[in-house]
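Here are my notes on the structure, set out as numbered points for your review. They begin with a term that the later points on open space depend on.

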Amino acid sequence: MGFLSKLFGKETEKMTNVKLAVIYYSMGGTNYQLSKWAEDGAKELGAEVKVLKVPELAPQSVIEGNPVWKGHLEATKEVPEVTLADLEWADAIIFSVPTRFGGMPAQMKQFLDTTGGLWFNGKLVNKVVSAMTSAQNPHGGQEATILSIYTTMYHWGAIVATPGYTDPVTFGAGGNPYGTSVTVGQDGKMIEDVEAAVKHQSKRTVTIAEMVKKVNQ
């Protein structure tokens, strides 16, 4: 097998026992859509998937003043909120958040700050994790936001599974090796076509989680 074939090799084997939690925060729907694509990709490999949202912290009065925000929350009201039990359940976790000044939103940070008990008891060690993000322009802190999530994951003792440049779809989606990132225009629509990149990242995360499970059996 040549170098390019190795670099861009495809995951084809069906996984049967990987549990994936896709945890997101979204105001307008972008990161919810990324999460649903991640779910689709993982299910193609046979993974069991939960799509979960972190609790909203913004005052209801602020949400009411933003029709897009309010509409998205209403449309996704049936999506369950993530719990610490979901983290214990998962073999792999994908996070999807918009950027906030080059970091993760307070809603995601608040949830991660509640994981100290799990961390102390070693319940988060060797979880396979990956992250995605969005911003209003290509250099609006996308890479920094993903790396801010990974900093917490290093403290967990998790295994970070980045997409790197393991498939050509990464280049078409903007070339972010840390995790899929997308630019969202003023109209609220994604500018880059990232669906394939998200699915690849999800499949790669599940594949690595399967490897880790086999080693630990």
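1. A pocket, as the word is used here, is an open set of points on a 1 Å grid over the protein atoms alone, with protein on both sides within 12 Å along at least five of seven lines, and its lining residues are those with an atom within 4 Å of a point. Please keep in mind throughout that this is a predicted model.

2. On the overall fold, the chain is made up of 10 helices and 6 strands. Its radius of gyration is 17 Å, which agrees with the value near 17 Å that a compact globule of 217 residues would have. The C-alpha trace spans about 55 × 40 × 30 Å along its principal axes.

3. On packing and surface, 49% of the 217 residues count as buried. Among the contacts with a separation of 6 or more, 80% are accounted for by residues 24 or more positions apart. The accessible surface of the chain comes to about 10400 Å², and carbon and sulfur atoms hold 56% of that surface.

4. The largest pocket encloses about 570 Å³ of space. Its lining consists of 22 residues, and those nearest its centre are Met-27, Gly-28, Pro-98, Gln-136 and Val-184. Two or more residues of this lining come from each of α2 (30-44), α4 (67-75) and β4 (128-135). By class, the lining of the largest pocket holds 6 nonpolar, 13 polar and 3 charged residues.

5. The second largest pocket has a volume of about 210 Å³. It is lined by 15 residues, of which Pro-138, Gln-142, Glu-143, Asn-176 and Ser-181 are the closest to its centre. At least two lining residues are supplied by each of α8 (142-156) and β6 (181-183), and β6 gives the largest share, with 3 residues. The lining of the second largest pocket divides into 4 nonpolar, 9 polar and 2 charged residues.

6. How many cavities of 30 Å³ or more does a search of the whole structure find? The search finds 1, and about 50 Å³ of space lies in the largest cavity. The residues lining the largest cavity are Pro-163, Thr-170, Ala-173, Gly-175, Asn-176, Gly-179, Thr-180, Ser-181 and Ala-197. This lining has 3 nonpolar residues, 6 polar residues and no charged ones. Asn-176 and Ser-181 appear both in the lining of the largest cavity and among the residues closest to the centre of the second largest pocket.

7. Thr-170, one of the residues lining the largest cavity, is found in helix α9 (residues 169-172). Is Thr-170 buried or exposed? Thr-170 has a relative accessible area of 5%, and because buried means under 20%, Thr-170 counts as buried. Leaving aside neighbours within four places in sequence, the contacts of Thr-170 are with Gly-164, Tyr-165, Gly-175 and Asn-176, and of these Gly-175 and Asn-176 also line the largest cavity.

8. Leu-20 lies in strand β1 (residues 19-24) and counts as buried, at 0% relative accessibility. Not counting residues up to four places away in sequence, Leu-20 touches Ala-42, Glu-48, Val-49, Lys-50, Trp-89, Ala-92, Ile-93, Ile-94, Ser-202 and Val-206. The C-alpha atoms of Leu-20 and Gln-33 are 16 Å apart in space, with their positions 13 residues apart in sequence numbering.

9. Thr-205 belongs to helix α10 (residues 195-216), and at 0% relative accessibility Thr-205 counts as buried. Beyond neighbours within four places in sequence, Thr-205 is in contact with Ala-92, Ile-94, Val-128, Ser-130 and Ala-161. Ala-92 and Ile-94 are also among the residues that Leu-20 touches.

10. Val-51 has its place in strand β2 (residues 48-53) and counts as buried, with a relative accessibility of 12%. Its contacts, leaving aside neighbours within four places in sequence, are Val-22, Tyr-24, Ser-35, Lys-36, Glu-39, Val-79 and Pro-80. Thr-145 is 94 residues away from Val-51 along the chain, and the C-alpha atoms of Val-51 and Thr-145 are separated by 20 Å.

Technical notes: Residues numbered from 1 in each chain as written. Predicted model: local features only at pLDDT ≥ 70, side-chain atom pairs only at ≥ 80, totals over all residues. Heavy atoms only, no water. 1 Å grid on protein atoms, 1.4 Å probe; cavity = no way out; pocket = protein on both sides within 12 Å on 5 of 7 lines; lining within 4 Å. Points joined across faces, edges and corners; volume = space filled by probe spheres on them. Nonpolar A, V, L, I, M, F, W, Y, C, P; charged D, E, K, R; others polar. Helix = DSSP H or I, 4+ residues; strand = E, 2+ residues; numbered from the N terminus. Rg over C-alpha atoms; globule rule 2.2 N^0.38 Å. Buried < 20%, exposed > 50% of the residue type's maximum accessible area, 1.4 Å probe, protein only. Contact = heavy atoms within 4.5 Å. Areas by Shrake-Rupley, 256 points an atom, 1.4 Å probe, with all protein chains shown as cover.
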